[in-house]
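Please keep the sequence and the 3D view side by side while you read this note, and look up each residue as it is named. The points are short and can be checked one at a time.

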Amino acid sequence: ATCTKMASDALTPERLAHMKRLEANDPTLIKFNIEGVGKDKLTPEDARLFAASLAGNTSLERLEIGWNKLGPEGMKWLSEALKTNTTLKLFDIQRNYLGDEGLCVLADLLKVNHTIDNIDLFSNDFGVVGIKALADALKEPDAALKRLNLQSNAIHPDGLLALASALETNTSLEWLGLRSCSINGDGLGIIAQALKSNTTLKEVDFAANRATEKGVRELCELLRFNPTLTKFSVDESVARELYVEVETLLVDPVRAAWASGEADTKPACEIPLQ
């Protein structure tokens with residue numbers, strides 16, 4: 001069987017048993033956790049053999065394969081297997097050294113696979129090229145992603161502009177993770193401006209980035225124009241009263257009524273843009 005040919009020692013007997021069920025298309029197997037443990041990490045060759053078992057599967061909904069060493073080559077094998085998959089929804093590929101090349105492969109996958117709606121890309125070492133490719137996928141009219149975690153990837157200003165452009169028109173994302181992405185300067189303002197026209201995003205995690213006073217003021221202004229957002233995490237790096245204003249707007253009953261269509265009046269912003 002394919003699953004017995006795995007090249008590394010990353011599989012425990014329990015995981016091998018799950019691999020056999022995956023290959024046999026066991027309808028009761030809907031979640032598979034094969035995250036790297038200690039020194040035992042899946043390699044690109046493992047990904048090739050794993051993908052062969054995954055290709056014809058029609059029951060798996062959650063694949064957690066983070067903290068391995070798949071790299072761009074491993075992502076290519078998984079991508080080929082998932083192009084025709086219509087059941088997988090969650091794809092957790094944290095810390096797999098994808099880089100720009102691997103993220104471009106994933107972005108191409110998302111243009112043809114509209115079932116995957118939750119992706120975790122925590123700490124995957126990609127740069128401007130990769131984030132631009134992902135942004136292009138988010139611009140697709142039939143984009144399906146609802147949750148996207150980009151935490152702990154340094155996002156260059158050019159990459160952030162590309163992501164912001166995608167957020168202006170994307171109609172699928174509901175949760176976006178930007179925690180600890182080395183976003184400084186006007187980064188928060190860029191995201192806030194982009195989200196004025198977004199009607200689906202509900203939560204943004206922007207913590208562990210440095211916000212400027214101008215950026216937080218623009219976030220306050222965003223919350224007046226965009227009633228969909230219910231949570232926006234941002235660290236306190238400027239005047240406390242600005243964060244009080246953000247917190248107040250997020251729970252403002254007038255804003256909630258406006259969001260539900262029960263009121264025509266937008267909430268007031270006590271601290272205007274300067």
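1. Leu60 sits in the loop that runs between helix H2 (44-54) and strand S2, in what is a predicted model. Its relative accessible area is 0%, and since anything under 20% is called buried, Leu60 counts as buried. Along the chain Leu60 is 32 residues away from Thr28, while in space the C-alpha atoms of these two residues are 8.5 Å apart.

2. Met75 offers another case of residues brought together from separate parts of the chain, and this residue belongs to helix H3 (residues 71-82). With a relative accessibility of 0%, Met75 is also counted as buried. Its C-alpha atom is separated by 7.7 Å from that of Ala47, although the two residues are 28 residues apart along the chain.

3. Please then look at the sheet, in which eight strands follow the order S1-S2-S3-S4-S5-S6-S7-S8, with parallel pairing, and which is open. Strand S1 (31-33) and strand S8 (231-233) each have a single partner strand, because they stand at the edges, and so one side of each has no neighbour in the sheet. On average, and with direction ignored, neighbouring strands of this sheet are turned by 5° against each other.

4. As one example of the pairing, strand S2 (residues 62-64) joins strand S3 (residues 90-92) in the parallel sense over three bridges. Within this pair, Glu64 is the residue that stands opposite Asp92 in S3.

5. How many cavities of 30 Å³ or more does a search of the whole structure find? The search finds one, and the volume of the largest cavity is about 50 Å³. Its lining is made up of Leu110, Asn113, Ile116, Ala137, Leu138, Ala143, Ala144 and Leu145. Sorted by class, the lining of the largest cavity holds seven nonpolar residues and one polar residue, with no charged residues.

6. Leu138, one of the residues lining that cavity, can also be compared with Leu163, which lies in helix H6 (residues 157-169). Leu163 is buried, with a relative accessible area of 0%. Between the C-alpha atoms of Leu163 and Leu138 there are 8.5 Å in space, whereas in sequence the two residues are 25 residues apart.

7. Two backbone angles deserve a careful look, given that most residues other than glycine have a negative phi. Ser180, in the loop between strand S6 (175-177) and helix H7 (187-194), has a phi near 55°, which is a positive value. Ala208, in the loop between strand S7 (203-205) and helix H8, likewise has a positive phi, near 65°. Is Ser180 buried or exposed? Ser180 is partly exposed, with a relative accessible area of 32%, and Ala208, at 40% relative accessibility, also counts as partly exposed.

8. Finally, helix H8 (residues 213-225) has 13 residues, and from its first C-alpha to its last it reaches 19 Å, which is close to the 18 Å expected at 1.5 Å a residue. The buried residues in H8 include a run from Gly215, Val216, Arg217 and Glu218 through Leu219, Cys220 and Glu221 to Leu222 and Leu223. Among them are Arg217, Glu218 and Glu221, which count as charged residues.

Conventions:
Residues are numbered from 1 along each chain as its sequence is written. This is a predicted model: local features need pLDDT of at least 70, side-chain atom pairs count only at pLDDT 80 or more; totals for chains, interfaces and linings use all residues. Side-chain values use heavy atoms; hydrogens and water are left out. On a 1 Å grid over the protein atoms alone, a cavity is a set of points where a 1.4 Å probe fits but cannot get out, and a pocket is an open set with protein on both sides within 12 Å along at least five of seven lines; lining residues have an atom within 4 Å of a point. Grid points are joined across faces, edges and corners, and a volume is the space filled by probe spheres set on the points. Two strands pair if DSSP finds at least two bridges between them. Helices (H or I, at least four residues) and strands (E, at least two) are DSSP runs, numbered from the N terminus. Axes are lines fitted to C-alpha atoms, for helices over the stretch in contact, and angles run from 0 to 180 degrees between N-to-C directions. The expected span of a helix is 1.5 Å times one less than its number of residues. Buried means under 20% relative accessible area, exposed over 50%, partly exposed in between (1.4 Å probe, protein chains only).
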